[in-house]
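The following exercises ask the reader to work from strand order to helix packing and then to individual residues. Please inspect the sequence and the coordinates before reading each solution.

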Amino acid sequence: MAPAVPLALLVLVALVAPGLGVAFPGCDYPAHLWCSSKEIAVACQAESRCANLSRPAAAPVELSLYYESLCPACRKFLVQELFTTWLLLPSEALNITLVPYGNAEVGAGLTRCRGRSPRCRRPRSDRLVLQEKNVSGKWHFQCQHGPEECLGNMIETCVMDEAKSFSTYFPVIFCLESGSSVTKNLEACLQVYAPQLDGSRIAACVQGDAGAALMHRNAQLTAALDPPHQYVPWIVINGKHTDELQAQAETSLLGLICRLYQ
């Protein structure tokens, strides 16, 4: 028969974990949980011995999308790559900024497109017309795909301003961009994805000076791009735009973000 183990020794063993030490007053957790979270490690004074907690948290990947509401390639990227990636990744891995404005200057002709995933490119410099003009103190806009696109850009910008929270407004914008009409489905998209938002306030923004001011801000953000954008969607990742990053993002955004998030 095995010798009896003193109760005091059993208590001591229960309080000690290999390489960690003895539990301190206020530590009500078993030793195998001491490194399971920062809070428990602090309570049990085991922070210095928890290697998994000593590594700093990875910074989120910062992605900015400059786009036009009616550009086919923009809609494809936002719906098929960006929204899907956002759904699949933890919230701390990716920060997204949406700037619906597009080509800062437009010409009289239609969009020029190339390849299976056509980008909406800026027209030739000899046919440029400024997209925004200040007339008697009010901003007026001209868009590459016509007045309907200006309205779509304005609606999405006002939705963002009204919602504030990205997790609230991004599903609404996804709904608009994936539907049959960017400009006619706002009520339905709000009803499904953000019924707490006030559609009348968004409409007032679109029709008033507030929406024009927000669009002017988008114009300034777009004009400040370095290097200047040549087409949309124009993707900036961690403050940089390169042909390689653009191509990787359009091919497999999820894979790119997972490689960068370290």
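The exercises below concern a predicted model.

**Exercise 1. Determine the strand order of the open sheet of 3 strands, and identify the strands that stand at its edges.**

Solution.
Step 1. The open sheet has the order E4-E3-E11, and its pairing is mixed.
Step 2. Strand E4 (94-100) and strand E11 (234-237) each have a single partner strand, so one side of each lacks a neighbour in the sheet; these are the edge strands.
Step 3. On average, neighbouring strands of this sheet are turned by 15° against each other, direction ignored.

**Exercise 2. Describe how strand E3 is joined to E4, and state how many residues of E3 are buried.**

Solution.
Step 1. Strand E3 (residues 61-67) and E4 run parallel and are joined by 7 bridges.
Step 2. Within this pairing, Val61 has Leu94 of E4 as its bridge partner, while Tyr67 has Pro100 of E4.
Step 3. The cut-off for a buried residue is a relative accessible area under 20%. Of the 7 residues of E3, 6 are buried, so the strand is largely enclosed by the rest of the structure.

**Exercise 3. Identify the strands that helix H10 lies across, and give the angle at which H10 runs to E11.**

Solution.
Step 1. Helix H10 (residues 243-260) lies across E3, E4 and E11.
Step 2. The direction of H10 is at about 30° to E11.

**Exercise 4. Classify the packing of H5 against helix H9, and analyse the residues of the contact.**

Solution.
Step 1. The axes of H5 and helix H9 (residues 209-223) are 9 Å apart, and the helices pack at an angle of about 100°.
Step 2. Angles of 65 to 115 degrees count as roughly perpendicular; H5 and H9 are therefore roughly perpendicular to each other.
Step 3. H5 contributes Asn153, Met154, Thr157, Cys158 and Asp161 to the contact, and H9 contributes Gly211, Ala212, Leu214, Met215 and Asn218.
Step 4. These residues divide into 5 nonpolar, 4 polar and 1 charged.

**Exercise 5. Carry out the analysis for H6 and H7, and state the handedness of their crossing.**

Solution.
Step 1. Helix H6 (residues 166-178) packs with helix H7 (residues 186-193) at an angle of about 140°, their axes being 9 Å apart.
Step 2. Roughly antiparallel applies to angles over 145 degrees; H6 and H7 are therefore oblique to each other.
Step 3. The crossing of H6 and H7 is right-handed.
Step 4. On the H6 side the contact is made by Pro171, Val172, Phe174, Cys175 and Leu176, and on the H7 side by Leu186, Cys189, Leu190 and Tyr193.
Step 5. The contact of H6 with H7 comprises 9 nonpolar residues, with no polar and no charged ones.

**Exercise 6. Establish whether Thr97 and Glu177 are buried or partly exposed, and list their contacts beyond neighbours within four places in sequence.**

Solution.
Step 1. Thr97 lies in strand E4. Its relative accessible area is 38%, and Thr97 is partly exposed.
Step 2. With neighbours within four places in sequence set aside, Thr97 is in contact with Leu63, Ser64 and Leu65.
Step 3. Glu62 lies 35 residues from Thr97 along the chain, and the C-alpha atoms of the two are separated by 7.9 Å.
Step 4. Glu177 belongs to helix H6. With a relative accessible area of 3%, Glu177 is buried.
Step 5. Under the sequence restriction applied in Step 2, Glu177 is in contact with Tyr67, Ser69, Arg75, Leu78, Val79, Glu156 and Val182.

Technical notes:
Residues numbered from 1 in each chain as written. Predicted model: local features only at pLDDT ≥ 70, side-chain atom pairs only at ≥ 80, totals over all residues. Heavy atoms only, no water. Axes fitted to C-alpha atoms, helices over the stretch in contact; angles between N-to-C directions. Helix = DSSP H or I, 4+ residues; strand = E, 2+ residues; numbered from the N terminus. Parallel < 35°, antiparallel > 145°, perpendicular 65-115°, else oblique. Left-handed = near helix turned anticlockwise from the far one by under 90°. Contact = heavy atoms within 4.5 Å. Nonpolar A, V, L, I, M, F, W, Y, C, P; charged D, E, K, R; others polar. Pairing = 2+ DSSP bridges. Buried < 20%, exposed > 50% of the residue type's maximum accessible area, 1.4 Å probe, protein only.
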